[in-house]
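Visitor: Please take a close look at one part for me, the lining of the largest pocket, and tell me where the largest share of it comes from.

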Amino acid sequence: MCSRGHKISHMNHKSQIEAYYESLKNKQIAKNEDYGDSAFEDVTVAGVKIPALHACLSRMSDKLKRLQSQDLMVDESFEDTLDDLVGYIVIYKILKAKQK
């Protein structure tokens, strides 16, 4: 099953990839709306401005550490963490493209 619970066992690989990407796309858009585009904005911590691109890398690093240590929060499964990592990779690529 993909992250939204869709059955994909009888699909070919192309259809499976399309189903996963569609599910991840919808999940990422919903999260972005919930968080008000915050992943695309610079962050200020203790008076220090952190560019959105660097903050995104930090978030990706946190997700990778969580996967490595299997230190998963009660409400976040291993699969959810993978989905979030993919989402941050997409955000990173968007932010990087804006710099060009």
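Guide: The largest share of the lining of the largest pocket comes from α3, which gives four residues. This is a predicted model, in which local features need pLDDT of at least 70 and side-chain atom pairs count only at pLDDT 80 or more, while totals for chains, interfaces and linings use all residues. Residues are numbered from 1 along each chain as its sequence is written, and side-chain values use heavy atoms, with hydrogens and water left out.

The lining has 13 residues, and those nearest the centre of the pocket are Q28, K31, Y35, D84 and Y88. Two or more of the lining residues are given by each of α1 (13–34), α2 (52–69) and α3 (78–99), where helices are DSSP runs of H or I with at least four residues and strands are runs of E with at least two, numbered from the N terminus. A pocket here is an open set of points on a 1 Å grid where a 1.4 Å probe fits, with protein on both sides within 12 Å along at least five of seven lines, and its lining residues have an atom within 4 Å of a point. The largest pocket holds about 270 Å³ of space, a volume being what is filled by probe spheres set on the points. Sorted by class, its lining has five charged, four polar and four nonpolar residues; Ala, Val, Leu, Ile, Met, Phe, Trp, Tyr, Cys and Pro are taken as nonpolar, Asp, Glu, Lys and Arg as charged, and the others, Gly among them, as polar.

The second largest pocket, with about 240 Å³ of space, is lined by 16 residues, of which L24, K25, Q28, G87 and V90 are the closest to its centre. Q28 is thus named among the residues nearest the centre of the largest pocket and also among those closest to the centre of the second largest pocket. At least two residues of this second lining are supplied by α1, and at least two by α3, but it is α1 that gives the most, with eight residues. By class, this lining divides into eight nonpolar, five charged and three polar residues.

As for the setting of both pockets, the protein has three helices and two strands, which follow the pattern α-β-β-α-α along the sequence. Of its 100 residues, 25% are buried, that is, under 20% relative accessible area with a 1.4 Å probe and protein chains only.

Terms used:
Buried means under 20% relative accessible area, exposed over 50%, partly exposed in between (1.4 Å probe, protein chains only).
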